[in-house]
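Here is a short briefing for a reader meeting this structure for the first time. Start with the view below, then read on for the charged pairs and the overall form.

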Amino acid sequence: METFSIENISIDVERKRTKNIYLNIYPPDGYVRMVSPLRYDMETIRMCAIDKLKNIRIYQKNMLETYSFLGKYLLKIVYAEGRQHVEIENDNMVLYINKGATPEKKQAILDEWYREQLKVIIPKYISKWEEPMNVKVSAFRVRRMKSRGLCHIDDSSIVINIELAKKPLEYLEYIIVHEMAHLLVPNH
């Protein structure tokens with residue numbers, strides 16, 4: 001795989017038997033990869049990337065902004081050797097990751113960190129609202145879902161979407177209370 005840079009954006013190029021050039025931008029950090037026909041020289045590929053530079057910057061900016069914590073800490077990625085982990089530093093959620101990590105590995109590390117954080121935050125809201133609502137939550141789980149939350153009436157448990165770790169605390173609290181309300185009135 002070949003690599004070149006344009007204005008501090010590193011772009012990996014893979015040459016294949018294809019008719020067109022394809023440009024892909026991968027979350028969470030906006031990693032850029034191009035797939036090019038074998039017949040194109042590097043200058044042609046570079047010109048295609050320059051033509052799409054504005055779009056690349058917009059996509060990368062949007063990706064970094066969609067990876068946040070509690071709606072206030074934006075993602076910053078630091079490539080470093082050693083333990084891969086996430087920390088809160090000043091106004092950033094910093095993902096320390098190895099240079100060759102795949103987008104899937106980055107997502108897995110973020111998801112695990114989000115899950116750990118929610119497992120600390122959620123019980124506080126459950127205990128805050130159990131008595132005023134006169135409801136008892138037997139258990140909760142955090143997982144990736146298409147909906148925001150889920151309630152299991154039969155065992156009095158709730159499931160919270162891992163994506164809620166990105167939202168402000170008020171939003172998370174609202175969803176938790178909403179799911180607890182389903183334990184009282186299933187079809188409210």
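A salt bridge is a side-chain nitrogen of Lys or Arg within 4 Å of a carboxyl oxygen of Asp or Glu. By that rule, Glu-14 and Arg-33 form a salt bridge, with their closest N and O atoms 2.1 Å apart. The model is a predicted one. Across the whole structure, a search finds 10 salt bridges.

**Overall form**

- The protein chain holds 4 helices and 11 strands.
- Its radius of gyration is 21 Å, well over the 16 Å that the globule rule gives for 188 residues, so the chain is more spread out than a compact globule.
- Along the principal axes, the C-alpha trace spans about 70 × 35 × 25 Å.
- Among contacts with a separation of 6 or more, 43% are between residues 24 or more positions apart.

**Surface and charge**

- Of the 188 residues, 40% count as buried.
- The accessible surface of the protein chain is about 11200 Å². Carbon and sulfur atoms account for 51% of that surface.
- The chain carries 29 positive and 25 negative side chains. The centres of these two sets lie 5 Å apart.

**A bridge between strands**

- Which elements does the salt bridge of Glu-14 and Arg-33 link? Glu-14 sits in strand 2 (residues 9–16), and Arg-33 sits in strand 4 (residues 31–37).
- The two residues are 19 residues apart, and the pair links distant parts of the chain.
- Glu-14 has a relative accessible area of 22%, so it is partly exposed.
- Arg-33 has 15% relative accessibility, so it counts as buried. The cut-off for buried is under 20%.

**A bridge within helix 3**

- The side chains of Arg-115 and Glu-112 meet in a salt bridge, at 3.6 Å from N to O.
- Both residues belong to helix 3 (residues 103–133). Because they are 3 residues apart there, about one helical turn separates them.
- Arg-115 is partly exposed, at 21% relative accessibility.
- Glu-112 is also partly exposed. Its relative accessible area is 38%.

**A bridge between helices**

- Lys-128 and Glu-173 form a salt bridge through their side chains, at 2.8 Å from N to O.
- Lys-128 lies in helix 3 and Glu-173 in helix 4 (residues 169–184), so the pair ties together parts that are 45 residues apart in sequence.
- Are the two partners buried or exposed? Lys-128 is partly exposed, with a relative accessible area of 47%. Glu-173 is buried, with a relative accessible area of 16%.
- Salt bridges can also share partners: Asp-111, Arg-144, Glu-163 and Lys-166 are joined into one network in this way.

**Glu-130 in helix 3**

- Glu-130 lies in helix 3.
- Its relative accessible area is 15%, so Glu-130 is buried.
- Which residues does Glu-130 contact, leaving aside its neighbours within four places in sequence? They are Val-135, Lys-136, Val-137 and Met-180.

**To recap**

- The salt bridge of Glu-14 and Arg-33 links strand 2 to strand 4.
- The salt bridge of Lys-128 and Glu-173 ties helix 3 to helix 4.
- The salt bridge of Arg-115 and Glu-112 falls inside helix 3.

Methods: Residues are numbered from 1 along each chain as its sequence is written. This is a predicted model: local features need pLDDT of at least 70, side-chain atom pairs count only at pLDDT 80 or more; totals for chains, interfaces and linings use all residues. Side-chain values use heavy atoms; hydrogens and water are left out. Buried means under 20% relative accessible area, exposed over 50%, partly exposed in between (1.4 Å probe, protein chains only). Contact means heavy atoms within 4.5 Å. The radius of gyration is taken over C-alpha atoms; the globule rule is 2.2 Å times the number of residues to the power 0.38. Accessible areas come from the Shrake-Rupley method with a 1.4 Å probe; for residues, only the protein chains shown count as cover. Lys and Arg count as positive and Asp and Glu as negative; His and the chain ends are not counted. The place of a charge is taken as NZ of Lys, CZ of Arg, CG of Asp or CD of Glu.
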